[in-house]
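Please look over the sequence and the 3D structure shown below before reading on. The report that follows takes up a few places in the chain one after another, and then turns to its empty spaces and its core.

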Amino acid sequence: METERLLEEFTAAAREVFGPPLTGVYLHGSLAMGCFCPGASDVDLIVVTAAPPADGDKLAFLRRVLDLSGQTPGGIEMSVVLRKHCERFVYPTPYELHVSPAHLARAQADPAAFVRRMHGTDRDLAAHFTVLRQRGRALWGAPILQVFGPVPAEDYLDSIFRDVEDAPEAVLQKPVYTLLNLCRVLAFLEEGGCLSKEEGGRWALARLPEELRPPVACALRCYAAGREMERAADLVPFASSMLARIKALRAQKQGL
């Protein structure tokens with residue numbers, strides 16, 4: 001399905017299922033930041049409601065999302081969040097429903113049970129809300145800055161650090177994602193700003209020592225082509241070196 005049509009149908013589903021309590025539907029991630037890879041990237045969305053949705057409504061919406069997720073190669077990652085937790089940011093952030101490609105099999109196997117279990121808190125939402133405030137897109141509803149309050153820098157940093165703290169192991173499974181993620185976390189620590197994975201890689205190519213640039217250049221080529229890198233085991237030293245640099249800079253910022 002063409003991406004804009006997918007966004008329209010997702011938004012229509014949210015409006016139909018949640019009705020008047022729906023505050024808005026918001027796009028973040030690679031599609032909002034201009035580096036979406038149609039063959040590999042997922043579509044990242046946040047749905048905001050004024051009141052907790054009933055399990056029946058969450059189930060109805062989940063079924064619509066699962067259908068739409070099957071129509072885009074990278075799938076859909078989305079969370080339903082209460083407006084009060086967006087306006088006055090809470091960390092880790094409570095959510096009412098979450099689904100992603102990683103949860104797809106469980107959600108499809110027993111949607112009702114999935115809805116009953118899939119709620120709690122998610123530290124990733126600090127990063128998602130930060131991207132939304134800086135570079136997101138409102139698909140329907142209230143303007144972004146009226147809904148999403150500031151995310152403290154320390155919460156954003158904790159959120160993105162947790163996404164790379166296992167990099168030497170993760171690079172064996174998801175080398176492209178892991179390498180480019182390390183680059184954008186390092187970019188934030190050194191210069192600030194909210195970069196996409198692709199932008200983080202390009203930042204690293206311009207600033208890392210020459211001997212560290214080839215893995216980044218390869219990751220960028222693979223990202224653009226929608227494929228994974230080969231010989232992932234050879235990337236462990238790079239991931240370990242980048243993680244050590246990130247930890248040192250994080251400690252400096254925290255005054256440790």
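## An exposed proline

Pro73 counts as exposed because its relative accessible area is 65%, and the cut-off for that word is over 50%. This and every other value here comes from a predicted model. Pro73 lies in the loop between H3 and E3, and, once its neighbours within four places in sequence are left aside, Pro73 is in contact with Pro38 and Gly39. Along the chain, Pro73 and Leu220 are 147 residues apart, while their C-alpha atoms are separated by 19 Å.

## Buried residues in helices and a strand

Ser69 belongs to helix H3, which covers residues 55-69. With a relative accessible area of 6%, Ser69 is buried, since that word is used for values under 20%. A polar atom of the Ser69 side chain lies 3.1 Å from the backbone nitrogen of Ile76. If residues up to four places away in sequence are not counted, Ser69 touches Gly75, Ile76 and Leu104.

Thr49, found in strand E2, is likewise described as buried, with a relative accessibility of 1%. The side chain of Thr49 has a polar atom that lies 3.0 Å from the backbone oxygen of Ala51. Beyond the residues up to four places away in sequence, Thr49 touches Phe18, Pro21, Leu22, Thr23, Val80, Val81, Leu82 and Arg83. Met33, in helix H2, is buried with a relative accessible area of 9%, and, with the same kind of sequence neighbours not counted, it touches Val131, Arg135, Cys194, Leu195, Ser196 and Glu199. Met33 and Glu230 are 197 residues apart in sequence, and their C-alpha atoms are 27 Å apart in space.

## Two places to check in the backbone

Which two residues are joined by a cis peptide bond? They are Tyr91 and Pro92, and the omega angle of this bond is about -5°. Pro92 is found in the loop between helix H4 (83-87) and strand E4 (93-95).

Arg231 has a phi angle near 55°, a positive value in a residue other than glycine. Arg231 is placed in the loop between H13 and helix H14, the latter covering residues 236-253. Is Arg231 buried or exposed? Its relative accessible area is 64%, and therefore Arg231 is exposed.

## The largest pocket

Rolling a probe the size of a water molecule over the atoms shows where empty space is left. In this model, the largest pocket has a volume of about 1200 Å³. It is lined by 43 residues, and those closest to its centre are Asp42, Glu77, Tyr177, Arg184 and Lys197. When the lining is sorted by class, it has 18 nonpolar, 14 polar and eleven charged residues.

Several helices take part in this lining, among them H2 (29-33), H7 (124-135), H9 (153-162), H11 (175-191) and H13 (213-225), each of which supplies at least two residues. The helix that gives the most to the lining of the largest pocket is H11, with six residues.

## The largest cavity

How many cavities of 30 Å³ or more does a search of the whole structure find? The search finds one, and the space in the largest cavity is about 30 Å³. The residues that line the largest cavity are His28, Asp44, Leu45, Ile46, Glu77, Met78, Ser79 and His128. By class, this lining has three nonpolar, three polar and two charged residues. Strand E2 (43-49) and strand E3 (76-82) each supply at least two residues of the lining. Glu77 can thus be found both in the list for the cavity and among the residues closest to the centre of the largest pocket.

## The nonpolar core

The largest nonpolar core has 85 residues, and those with the most contacts inside it are Phe10, Phe61, Met78, Phe129 and Phe148. Helix H11 supplies the largest share of this core, with ten residues. Phe148 can serve as an example of how such a residue is surrounded: apart from its neighbours within four places in sequence, Phe148 is in contact with Tyr26, Ile46, Val48, Cys86, Phe129, Leu132 and Arg133. Of these, Phe129 is itself listed with the most contacts inside the core, and Ile46 is one of the residues that line the largest cavity.

Definitions and conventions:
Residues numbered from 1 in each chain as written. Predicted model: local features only at pLDDT ≥ 70, side-chain atom pairs only at ≥ 80, totals over all residues. Heavy atoms only, no water. 1 Å grid on protein atoms, 1.4 Å probe; cavity = no way out; pocket = protein on both sides within 12 Å on 5 of 7 lines; lining within 4 Å. Points joined across faces, edges and corners; volume = space filled by probe spheres on them. Helix = DSSP H or I, 4+ residues; strand = E, 2+ residues; numbered from the N terminus. Nonpolar A, V, L, I, M, F, W, Y, C, P; charged D, E, K, R; others polar. Core = buried A, V, L, I, M, F, W, Y, C linked by side-chain atoms within 4.5 Å. Buried < 20%, exposed > 50% of the residue type's maximum accessible area, 1.4 Å probe, protein only. Contact = heavy atoms within 4.5 Å. Polar contact = N/O pair within 3.5 Å; in protein donor to acceptor, adjacent residues only side chain to side chain.
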